Amino acid sequence: MRHVARPEATYTRAEMSVETKSKAAPKKPAVHPNTWVYYDGEFGRYHDIKLGLMTHALHYGTGVFEGIRAYWNVKEEQLFLLEAPAHYDRMRRSANIMRFKLPHSTEELVNITLEVLRRNQFKSDVYIRPLLFTASEEIGVRLHNIAHSFLIYAIPFGNYVEIEGGLRCMVSTWRRVPDQSLPARAKITGSYAQSALAKSEANEAGFDEAIVLTVDGHVSEGSAENLFMIKDGTVVTPPVTDDILEGITRTLIIGLIKDELGLPVVERSIDRTELYTCDELLLCGTGAQVAPVIEVDRRTVGNGKVGEFTQELQNIYFGAVRGETPKYKDWTIPVY
Ligand SMILES: Cc1ncc(COP(=O)(O)O)c(C=O)c1O
């Protein structure tokens, strides 16, 4: 681990700029903006952090991470950090499963995240990535007797998937990682090889997103999203025992469905063919936000258009996460 600080004065204006005007961040920036990051106890610049080629987690997938969003509110000229304590609490649970220890309390982690955002002076929607990983530069797969590193970086970020017209999904041929082998409720870097297999299979077959089944054939979730289905006025979502990541957005959405839409929410296993016969379907997550699904395996969902409840839910969700709804102010922390 090397962490070399450069004097402030050597940065050009372009290097320091991390602002984007557009809603969607550029897909592949040629050079990553030289943002402020947090790495092993210090704030530094992205380009100054050097990780060795032998970094353990790079080879073995032995890291735990989070994805957190902050939303820019144009009217208030304020950035709202969404549900950060819940993300760091989940990260602590993921770490515990992997026998890692987060180097800070949740409160400290939230404050560090706020500091990263403030230093970068973001004025757009932002995605924040905390990562705790095995950092020793040595060969040998294991979890014990090994050094760890912890980092937080943040980048301007738009929509992760299409959220307006509705997604066309396929049920993946790849099954979700089972709790018996790679616990899905822990957000482990290595598990995302499974997500990547499913996502690429779907995209390369012409679909927008994958829906993944458990090993025993029940609907689990999307490649990086939880799933909700609406049928005959009841909302159904897979239980936490069906190898899902216990989504922070999922919890928020369950609350909104009950409180704002007045619909009952049932957590139960879902059969594959229920996806073909429900009235509305949606995927949700920090990245995906609230994403309507209009087709599964070339079968239309409902009338093939974005569902009425889903649309309403999406509107309410965006109002809340952008800090526009007084009732849900406690979901967010103002950054500036
Ligand atoms: C596999 C998986 N499921 C579900 C989710 C949704 O979780 P959250 O709402 O906490 O972002 C994510 C996103 O992080 C994910 O990667």
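1. pLDDT is the predictor's confidence in each residue, from 0 to 100. This is a predicted model, and its average pLDDT is 93, with 91% of the residues scoring at least 70. One stretch deserves a friendly word of caution: over residues 1–24 pLDDT stays under 50, and the model has 34 contacts beyond four places in sequence for that stretch. I would read those contacts with the low confidence of residues 1–24 in mind.

2. Now to the domains. The assignment for this protein gives domain 1 (12–156) and domain 2 (167–321). Taken over C-alpha atoms, the centres of domain 1 and domain 2 are separated by 26 Å. Domain 1 brings 20 residues to the contact, and domain 2 brings 11 residues. On the side of domain 1 that touches domain 2, at least two residues each are supplied by β5 (63–65), β6 (68–73) and α3. The largest share of that side, five residues, comes from α3.

3. That helix merits its own point. Helix α3 (residues 84–97) has 14 residues, which at 1.5 Å a residue should span 20 Å; the end C-alpha atoms are 20 Å apart, so the expected span and the model agree. The buried residues in α3 are Ala84, His87, Tyr88, Arg90, Met91, Ser94 and Ala95. They cover an arc of only 160 degrees around the axis, and therefore sit on the same side of α3. Following α3 comes arginine 99, whose phi is positive, near 60 degrees.

4. Next, the core. The largest nonpolar core has 85 residues, and those with the most contacts inside it are Ala70, Leu117, Cys169, Met229 and Val293. Because domain 1 (12–156) and domain 2 (167–321) both give residues to this core, it lies between them. In soluble globular proteins, nonpolar side chains tend to be buried together. For a closer look, try alanine 70: leaving aside residues up to four places away in sequence, this residue touches Leu79, Phe80, Leu81, Leu82, Leu117, Val126, Ile128 and Val335.

5. Two further backbone angles caught my eye. Aspartate 40 is not a glycine, yet its phi is positive, near 45 degrees. You will find aspartate 40 in the loop between β2 (36–39) and β3 (42–45). Aspartate 40 has 15 C-beta neighbours inside 10 Å, so it counts as partly exposed. Glutamine 289 is also a residue other than glycine with a positive phi, about 60 degrees. Its setting is strand β17 (residues 289–296). With 20 other C-beta atoms within 10 Å, glutamine 289 is buried; the cut-off for a buried residue is 20 or more.

6. Finally, please look at isoleucine 163, which lies in the loop between β9 (148–156) and β10 (167–175). Is isoleucine 163 buried or partly exposed? This residue has 18 other C-beta atoms within 10 Å, so it is partly exposed. Setting aside residues up to four places away in sequence, isoleucine 163 touches Gln289, Val290, Ala291 and Gln314. One of these contacts, Gln289, is the residue with positive phi from the previous point. Isoleucine 163 and valine 306 are 143 residues apart in sequence, and their C-alpha atoms are 9.6 Å apart in space.

Notes
Residues are numbered from 1 along each chain as its sequence is written. This is a predicted model: local features need pLDDT of at least 70, side-chain atom pairs count only at pLDDT 80 or more; totals for chains, interfaces and linings use all residues. Two residues are in contact if their C-beta atoms, placed from the backbone, lie within 7 Å. A nonpolar core is a set of buried Ala, Val, Leu, Ile, Met, Phe, Trp, Tyr and Cys residues joined through C-beta atoms within 7 Å. A residue is buried if 20 or more other C-beta atoms lie within 10 Å of its own, exposed if 12 or fewer, and partly exposed in between; C-beta atoms are placed from the backbone. Domain bounds come from an automatic or database domain assignment. Helices (H or I, at least four residues) and strands (E, at least two) are DSSP runs, numbered from the N terminus. The expected span of a helix is 1.5 Å times one less than its number of residues. The arc is that of the directions from the helix axis to the C-beta atoms.
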